[in-house]
Every structure is written in C-alpha cells, then in structure tokens.
Amino acid sequence: MDTGSLTPMWLSSTGQTLNTKLIKYTNALWKLMQTCHFSLSHSSDGLLVARYHKQNLYYEESFDTPPKLELITFDTPFAGKFGLIICFDILFHDPTVALVKMGVRQLVFPTAWMNELPLLDSIQFHRAFSLGANVTVLSSNLRYDKLRMTGSGIYTPFSATFHHAVKGDPEEGQLLVATVPVLGPVGVNSVTESLSPVDAQSDHCHTDGCADSPSPGSSYPTFKATMRRDLYWFVLINETQGNLTVCHGTFCCHLQYKWTAHDKSKELYALGAFAGTHNSSQCYALQVCAVVRCAGLEAKSCGQKVEEAESKMDFRLEATFQTDYVYPSV
C-alpha cells in the first residue's frame, strides 16, 4: 500500500485477523533520506520468523552493509516460501537474483522508491522485474510527493494490481488486494551461471570508453543525449513504420515498428542504446534499449522526463544482452 505519511513502520496486512504473515519495515534511525534498513516477518501468533538487513544501501550513511550477505526466506502455509528484499536491492544480483536462483518465487519488497522517469518509475520497474524474473513481487512503497515517492503494487508474471498516486491525491494511502497464483520452484534454477551480469569493473563499454564509439548499425543519423545522467546514442523514429538499429559501441538495439496512432506535430520519439557503468556514486553496470518520447520536438530533448504520451505503436525491440537478467518494461 502507499503509506499516507512519513512513519518508521508499516504493515502489509492485519495478520491476526487474516491468519497471515506480518511484514514490518522499520528504520531504527529514521531520517528523511535514510528511509530503509531492515524488515521483519512475524507469524500470525506474533512470533518473529525472519529478519533481513538491507544489503545495498542508498545514501544511508548511518548504516553499515551487513558483514555477510543475508539470503532470508520464510515459509507460509498458504503460499510457500517468501524472500525478503528492500528497495535498492532489487537492482542487484545479491540478494535478489540469488534468492530467485534458490527457487524463491515470492518476494516481499518494502521500499522508499523515488520515481525517475523515463526508465525507473516504481510500477514500471517492479512490474518489469516480476515479468523478467518470473516471480511475484509484493511492493509496498512510501508516499512522499516531495521526493517523488509513490507507487505500490502486487505483481505476478500474469497480472498486476497497483496504485500510483499523483500530486493532489489524498495521502491516506490505498490498500491493494489481489488473488495471486502460488508459484512453485519448478524452472527457476534453469537460470544458468554461464552468462553473468556485466561487471561494473570490467573493460566492456565503460561510459568513458564508449561515448565516442561509432554507431555502425544504423543508416539513419544518430545523436547523443543524456538520460538518467548516462550518455545514450539515439536515432529518431520518423517514419510511419520501419526497422531501426542504434548501437553504443558493440551493443546494438533493433526496433521493428508501426505507428497505429501518432501525430508528428505533437510528439517526437527516439530509439536509444546505452552500455556501460551508470554515472552515479552508486556504481552498477547497465545495458539498455529504450523507445522514449522526447520532452519536446527537438532531438536534444530526448531522454528527458515525460509523464504523458498519446501515440500508439506496435513494435518489437530486441538486443543481444551479456546477461540473463533482462527486465522488459513499458
């Protein structure tokens, strides 16, 4: 649920009434920008059954990374095994992908997620992870408009129930209820170790090394623009239908598309590619293909934040990624 105010604790359900687990998400040293550190799971009779300390801290100087990685799960009588992760964890192999490789198919995910369009809105990415990892994600986000924190949901590989408050909406929060399938562990261990995520310390396509690399796969003019502080290669989508390719170094994105509704006098779109280390103090590697609406009608506006779009497109977006962990989002 979206919580209606800044509080150091919230509950995912009323466990005594529903005879389910209680998940408490708490911060012992509550500060505005230090919003999350550990979560607790209690049984229906109040016993503590699981405790997890956040592995990947996000500007949380008051806390230390756990001395040892915690892969925390608990069992329920109604839906099998659940895993615990917190906020920034979802972007990293440990503990999130490690839990999935263990066979965990349900993740409890309390978060204080700051939405960052066009690629990291809460509902957008949390649903994408559910689809890409073939798991259920129970996402409970903080509601705080000043820091763009909103958007909670119940995501399965087959469905999504969510609430995304906008500025001006009541702040008391909204309870989400959904019927979800119980996912068994069959098939999750087929994720192999043969391909691993792009190492942030590897020599593959760091931002400095790739920024001026040619984009050999496109016969259309390419240009560079910044999206989420990273320098992307873009090509404009100008035709009614067609095929486009844009590359960042050796990493190429291929788009086959056909507009079903589009007014070029109102909206400009572009295909972008990025491969390298995210330009942030929080270091992680990315390979991204994205079709985005530009903020204006000039190429230099591509990659900027846009909250609305009217065009409709049938498309197929493909790339050869150097990782098994690919999360498609809209």
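Is Leu69 buried, partly exposed or exposed, and what is its relative accessible area? In this predicted model, Leu69 comes out as partly exposed, because its relative accessible area is 31%, a value that falls between the 20% and 50% cut-offs. Leu69 is found in the loop that runs between strand 4 (48–53) and strand 5 (73–76). Together with Leu71 and Met102, Leu69 makes a nonpolar patch on the surface, about 230 Å² in area.

Stepping back to the whole chain, there are 330 residues, and buried ones make up 50% of them. The chain holds four helices and 18 strands. Its accessible surface comes to about 16400 Å², and carbon and sulfur atoms account for 53% of that. Contacts can also be sorted by how far apart the partners sit in sequence: among those between residues at least 6 apart, 60% join residues at least 24 apart.

Helix 2 is a good place to look at burial up close. Seven of its nine residues are buried, so helix 2 is largely enclosed by the rest of the structure. The buried ones are Pro95, Thr96, Val97, Ala98, Leu99, Val100 and Lys101. And what do they pack against? The partners are strand 4, strand 5, strand 6, strand 7 and helix 3. Right after helix 2 comes Gly103, with a positive phi near 105 degrees.

Just ahead of this helix, Asp89 lies in the loop between strand 6 (80–84) and helix 2 (93–101). Asp89 is a charged residue that is buried yet has no salt bridge. The nearest side chain of opposite charge belongs to Lys54, 6.4 Å away, and that pair does not count as a salt bridge because the cut-off is 4 Å. Leaving aside residues up to four places away in sequence, Asp89 touches Tyr52, Lys54, Gln55, Asn56, Pro95 and Thr96. Two of these neighbours, Pro95 and Thr96, are among the buried residues of helix 2. Cys87 is buried as well, because its relative accessible area is just 7%.

Another loop residue worth a look is Leu119, placed between strand 7 (106–111) and helix 3 (122–133). With 17% relative accessibility, Leu119 counts as buried. How far apart are Leu119 and Met227 in sequence and in space? They are 108 residues apart along the chain, while their C-alpha atoms are 8.7 Å apart. Leu119 touches Met227, and its other contacts, not counting residues up to four places away, are Gln124, Arg228, Tyr232, Val288 and Ala290.

Next come the disulfides. A disulfide is a covalent bond between the sulfur atoms of two cysteines. The structure holds three of them. One joins Cys247 to Cys252, with an S to S distance of 1.9 Å; it is right-handed, with 105 degrees about the S-S bond, and both Cys247 and Cys252 are buried. Another joins Cys253 to Cys289 at 2.0 Å, and with -85 degrees about the S-S bond this link is left-handed. The pair links distant parts of the chain, since Cys253 is in strand 15 (residues 251–261) and Cys289 is in strand 17 (residues 285–293), 36 residues apart. Both Cys253 and Cys289 are buried. In the remaining disulfide, the sulfur atoms of Cys294 and Cys302 are 2.0 Å apart. Its torsion is about 80 degrees, so this disulfide is right-handed, and both of its cysteines, Cys294 and Cys302, are buried too.

Charged side chains add links of another kind. Side chains of opposite charge can pair when their charged atoms come close. The structure holds eight salt bridges. One of them pairs Lys81 with Asp75, the closest N and O atoms being 3.1 Å apart; Lys81 counts as partly exposed, at 35% relative accessibility. Another pairs Arg293 with Glu267, with 3.6 Å between the closest N and O atoms. Arg293 lies in strand 17 and Glu267 in the loop between strand 15 and strand 16 (269–277), so this pair ties together parts that are 26 residues apart in sequence. Arg293 is partly exposed at 22%, whereas Glu267 is buried at 6%. Arg316 and Glu318 also form a salt bridge, with the closest N and O atoms 2.8 Å apart, and Glu318 is partly exposed at 39%. Finally, Glu116, Arg228 and Arg229 are joined into one network by salt bridges that share partners.

Conventions:
Residues are numbered from 1 along each chain as its sequence is written. This is a predicted model: local features need pLDDT of at least 70, side-chain atom pairs count only at pLDDT 80 or more; totals for chains, interfaces and linings use all residues. Side-chain values use heavy atoms; hydrogens and water are left out. Patches are made of residues with over 30% relative accessible area and no salt bridge: like charges are joined within 9 Å, nonpolar side chains (Val, Leu, Ile, Met, Phe, Trp, Tyr) within 5 Å. Accessible areas come from the Shrake-Rupley method with a 1.4 Å probe; for residues, only the protein chains shown count as cover. Helices (H or I, at least four residues) and strands (E, at least two) are DSSP runs, numbered from the N terminus. Buried means under 20% relative accessible area, exposed over 50%, partly exposed in between (1.4 Å probe, protein chains only). Lys and Arg count as positive and Asp and Glu as negative; His and the chain ends are not counted. Contact means heavy atoms within 4.5 Å. A disulfide is a pair of cysteine sulfur atoms within 2.5 Å.
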